[in-house]
Structure formats: structure tokens, C-alpha cells
Amino acid sequence: MAESIQLYATCCAICGTYDNATELYPANFDFAAFNPAIFSARRLPDRIHYRLVRCNTCGLVRSDPVADAETLTHLYVQSSFDYGAEVASLRRTYGHYLAKLRHYGGRSERLLEIGCGNGFLLEEALRRGYKQVYGVEPSTEAVAKANARVRPHIICDIMRPELFDANYFDAVCLFQVFDHIPDPGALLDECFKVLKPGGLMLCLNHNVQAVSARLLGERSPIIDLEHTYLYSPSTMSHIVEAHGFKVRQVGPVFNNYPLHYLTRLLPLPNNIKLPLLDWLGRVPLGRRMRLSVPLGNLYLIAQKTEVPG
Ligand SMILES: [Zn+2]
């Protein structure tokens, strides 16, 4: 497979320009790096990345060049799913942001999550009163691990046109998905289409302008082969508005995590980190202590205020 991989130039997803960008970091990987483990959720950050550039006009950061979309899809389908002990933390954090939709008159009837993994957020949405929940997830392993209550409502695929009727959902959620998407404009158009008028979209993903990302620079875990685009509150608002949405709220995310999980994200070499993780996994401090920290993520709530023309 390695020999068949070709790299393609990317354009700014906001401006549509291929040039007019400044290099931030050169690529630091070789073709042998392309395997399903690279694309698995929650693996240890290994700081492999494509060449990173920033658009001179709008500031959107992107990988350029990248592998073709078909190769990416193939890798995501094969990727493993190992949220493990973090599911409870993520469910709590994501649930907190889901609850914010109520401020905008969002009905709690029909919800779609794009990139739902094993469907833990779909279970949380049911608990919070949503009547019908649907998920789309490319990893067969993740879908196989879903709870029987939500599994029948998860489509094992990438989000694409014709999966759902237009004007169907009250809410569409994307948790740690949007920066993996090679054609974010097409995905936003599809989200807009499947939402009812007045329906809400919730995105939660990395913030390239977060303090942690700025301090760590190229060593930040977000500078990663998996991410086609990296957004800030400004570029995230810009692209969402360019596709018809009205931005209702945008800001930093505070995650509630066990110390053990936070340690995984530290920029330490694995020969130090792995024994430390092993130790924290065995002592009560590492298992029980929780911290609420801005880990470099942003959230955005946007609304479909008009009927599509
Ligand atoms: Zn641009």
C-alpha cells in the first residue's frame, strides 16, 4: 500500500486559493507512516505531520500536500477504537456543551452525530431527552462496540449526501471531527441541508490559537497527520458563516479529565511517558484526581436560520 500513496496539493477551505500561504512547519514523515494505527482515535501523540501552511489572507492553517481522500477513508475504516477509560470524561464534557443548545430554542427531538465512535454521546443525548439519535461512523470496530440501544441507529460510513433527508434534524454534532475533514465546505453544506430551519450545529475541535498550541508549536499534539485543517475561533466562524450558518457562540472548551489522561497528552518522550502512565494507572491519585483545564479545544454553536434556497 505504501507505494501507492500520492500526495495532492490542498487549497484554503475559506479562500479557495492554493498559493498565498506561508509554511509553518515542513513535513516530518515518510510513506511507511501510513497505516491504520496512525488514524486510530486517542493513540499517543507521536507528532507525525504533513507540511503545515497558513493562508496569508484568512489565517486558516492546513496540511499541504496530503494523501487523497480515498486513502484517508480506507485508513479510517480500518482504524481501531480505544477511548477506554476516557469515555466517562468525554461524555461529561460533550454533554455539557450539548446542553448549551437549549439556549437557542433548539428542540430536543432528533439528533445526528457525525463521527460518533462507539456512540457514547448518542447515549448521553438520549439521557438528556433527545427522542431519536443517529450516528455516522467510518470505523467498523467502533460501531461494533456500540451499545445495543444506539447501534441500530449508527450508519457505518462517512457522512455523504443522500444518507439523510433534508430538513430532518434538530441538532447535528461533530466532536473532534471537523479538523479531520478533507472537504469541510462540502460537509458544512450537507449539515446545513439535513438540519431543519432553526436547527443547531455543535462543533468541538482543536484550537490552533490556544495558548497550549502556541507554546508547544510544532510539538503540540494537534500538529498531526490526522488533521487536514486546523481552526481558530475566527477561521471556524468564518467558514461556517460562508456556508449559510449564523454563529451563535464560539469559545474555548474546558475539559474535565483524570490526571492519568492528561499525562498522556504531555510532550514527553515515550520512554519517560509510558512508565509514568503505568505508575499513574496503579496509584489512587492517577485514577481519581480530576482537573478542569482548557486543553486547546474550541466549541462553536451555529444555527440554520433560513430555509435553503
Ligand atoms: Zn484563506
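**Notes on helix H7, the core and a small sheet**

1. Starting with helix H7 (residues 233–242): Thr235, Met236, Ile239 and Val240 are buried there, buried being 20 or more other C-beta atoms within 10 Å of a residue's own, exposed 12 or fewer, and partly exposed in between, with C-beta atoms placed from the backbone. Down the axis of H7 these residues fall within an arc of 130°, so they line one face of the helix; the arc is taken over directions from the helix axis to the C-beta atoms. Helices (H or I, at least four residues) and strands (E, at least two) are DSSP runs, numbered from the N terminus.

2. A word on provenance. This is a predicted model, where local features need pLDDT of at least 70, side-chain atom pairs count only at pLDDT 80 or more, and totals for chains, interfaces and linings use all residues. Residues are numbered from 1 along each chain as its sequence is written.

3. What covers the buried residues of H7? The cover includes helix H5 (184–194), strand S12 (246–258) and strand S13 (290–303). After H7 comes Gly244, with a positive phi near 95°.

4. Met201 is among the residues with the most contacts inside the largest nonpolar core, which has 74 residues. Such a core is a set of buried Ala, Val, Leu, Ile, Met, Phe, Trp, Tyr and Cys residues joined through C-beta atoms within 7 Å. Neighbours within four places in sequence aside, Met201 is in contact (C-beta atoms, placed from the backbone, within 7 Å) with Val172, Cys191, Leu195, Phe245 and Ala302.

5. Then there's an open, antiparallel sheet of 4 strands, ordered S2-S3-S4-S11; strands pair if DSSP finds at least two bridges between them. S3 (residues 52–55) and S4 (residues 61–63) share 3 bridges.

Methods: Contact = placed C-beta atoms within 7 Å.
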